[in-house]
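The following exercises concern one protein chain, each with a worked solution. Please keep the sequence and the structure in view while working through them.

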Amino acid sequence: MATDTETDLFEEHRPVLTGVAYRMLGRVADAEDVVQEAWLRWSAADRSEVREPRAYLVRVTTRLAIDRLRQVKARGETYVGPWLPEPYVTDFGDTVPDTAERAVLADSVSLAVMIVLESLSPLERAVFVLREAFGYPFADIAAMLDRAEPAVRQLAGRARRHVDERRTRYEVDPARRRDLTERFLAAAAGGDLEGLMSLLAPDVRLVGDSGGKSKAPLRVLESADKVGRFLVGVAERGVEDLSWRFLELNGGPALLVLSAGQPDSVFQLDVVDGRIQAVYIIRNPDKLRSLPVA
């Protein structure tokens with residue numbers, strides 16, 4: 001049984017453990033399940049043998065996440081339409097006061113990076129997350145994964161090159177992204193096609209994730225004309241008892257659309273050089289349940 005002190009120690013590290021698990025899995029519920037399993041391992045462990053609780057807990061969480069990821073890949077799960085990560089609330093608040101550290105954490109959980117991470121092997125993903133997001137030394141990562149340090153360095157280099165080659169570039173300044181998101185909302189809600197077109201890059205992409213459980217494009221839409229006309233059509237059809245609020249999701253501003261007070265969809269934009277380069281729409285109800293509505 002864990003004592004109150006040991007429970008408090010685990011709770012102190014829970015945000016880091018959840019952050020690791022989510023970046024590994026891209027699913028909030030799966031990340032929470034992994035962290036809960038890590039708690040069970042921690043409560044049953046002989047803690048007299050644990051010299052560094054944080055390192056121990058991160059190691060356990062990472063290995064559990066790798067196992068979960070391998071199971072998902074082994075099942076060969078099919079998904080209806082494009083897949084996007086489950087939205088993840090990242091209001092770091094005062095927990096990450098350092099601006100540079102906050103920027104690294106925000107970037108490592110962005111939709112642009114999370115999408116690319118899906119194409120890595122479980123071990124590559126673990127090394128990338130631990131090294132790039134949380135800054136662990138290669139020697140520590142090697143110990144966590146029970147691998148030789150040279151092998152870990154190779155995995156890290158391969159994962160870094162893969163991510164750099166495939167990730168989309170985007171504006172990281174949250175104020176600029178928020179401003180463009182507000183202008184996007186005003187134009188889309190007003191059915192202002194000309195206004196939308198002025199905000200969209202010529203080669204803009206719209207990725208809609210419904211999982212086949214609600215209405216969204218089953219293919220990625222490309223070009224300002226197609227994306228603009230689709231968004232105007234959505235606005236014309238309307239949403240019952242519509243309201244919305246801004247949240248910080250996946251390290252950047254996002255728009256949560258509510259219907260009768262319940263989550264209907266999430267919109268998030270990638271911005272490059274003052275123009276919208278990508279529009280992400282998440283409408284799979286299973287991915288919206290954990291979002292705060294008030």
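A residue is called buried under 20% relative accessible area, exposed over 50%, and partly exposed in between (1.4 Å probe, protein chains only). The model is predicted, so local features need pLDDT of at least 70 and side-chain atom pairs count only at pLDDT 80 or more, while totals for chains, interfaces and linings use all residues. Residues are numbered from 1 along each chain as its sequence is written, and side-chain values use heavy atoms, with hydrogens and water left out.

**Exercise 1. Describe the surroundings of T61.**

Step 1. Locate the residue: T61 belongs to helix α3, residues 53-75. Helices here are DSSP runs of H or I with at least four residues, strands are runs of E with at least two, and both are numbered from the N terminus.

Step 2. Classify T61: its relative accessible area is 0%, and therefore it is buried.

Step 3. List the contacts, meaning heavy atoms within 4.5 Å. Leaving aside residues up to four places away in sequence, T61 touches L17, A21, V34 and A38.

Step 4. Examine the polar side-chain atom: a polar atom of the T61 side chain lies 2.8 Å from the backbone oxygen of L57.

**Exercise 2. Determine which strands stand at the edges of the sheet, and follow β3 to its partner.**

Step 1. Write down the strand order: the open sheet has six strands, arranged β2-β1-β6-β5-β4-β3 with mixed pairing. Strands pair if DSSP finds at least two bridges between them.

Step 2. Read off the edges: β2 (221-222) and β3 each have a single partner strand, so one side of each has no neighbour in the sheet.

Step 3. Recall the general principle: strands of a sheet pair through backbone hydrogen bonds, either parallel or antiparallel.

Step 4. Apply this to β3 (residues 242-249). Strand β4 (residues 252-259) runs antiparallel to β3, and eight bridges join the two. Within this pairing, S243 is opposite L258 in β4.

Step 5. Consider W244, which is found in β3. W244 has 40% relative accessibility and so counts as partly exposed. Together with V239 and L242, W244 makes a nonpolar surface patch of about 250 Å². Patches consist of residues with over 30% relative accessible area and no salt bridge, with like charges joined within 9 Å and nonpolar side chains (Val, Leu, Ile, Met, Phe, Trp, Tyr) within 5 Å.

**Exercise 3. Analyse three salt bridges: D33 with R68, R178 with E182, and D209 with K287.**

Step 1. State the rule: a side-chain nitrogen of Lys or Arg must be within 4 Å of a carboxyl oxygen of Asp or Glu. The count by this rule is 19 salt bridges.

Step 2. Take D33 and R68, whose closest N and O atoms are 3.8 Å apart. This pair links distant parts of the chain, with D33 in helix α2 (residues 28-44) and R68 in helix α3, 35 residues apart. D33 is partly exposed at 42% relative accessible area, and R68 is partly exposed at 23%.

Step 3. Take R178 and E182, with an N to O distance of 2.8 Å. Because they are four residues apart in helix α9 (residues 174-189), about one helical turn separates them. R178 is partly exposed at 34%, as is E182 at 36%.

Step 4. Take D209 and K287, whose closest N and O atoms are 2.7 Å apart. D209 lies in strand β1 (residues 200-209) and K287 in the segment after β6 (275-282), so the salt bridge ties together parts 78 residues apart in sequence. Both D209 and K287 are buried.

Step 5. Look for shared partners: D30, D33 and R68 are joined into one network by salt bridges.

Technical notes:
Areas by Shrake-Rupley, 256 points an atom, 1.4 Å probe, with all protein chains shown as cover. Polar contact = N/O pair within 3.5 Å; in protein donor to acceptor, adjacent residues only side chain to side chain.
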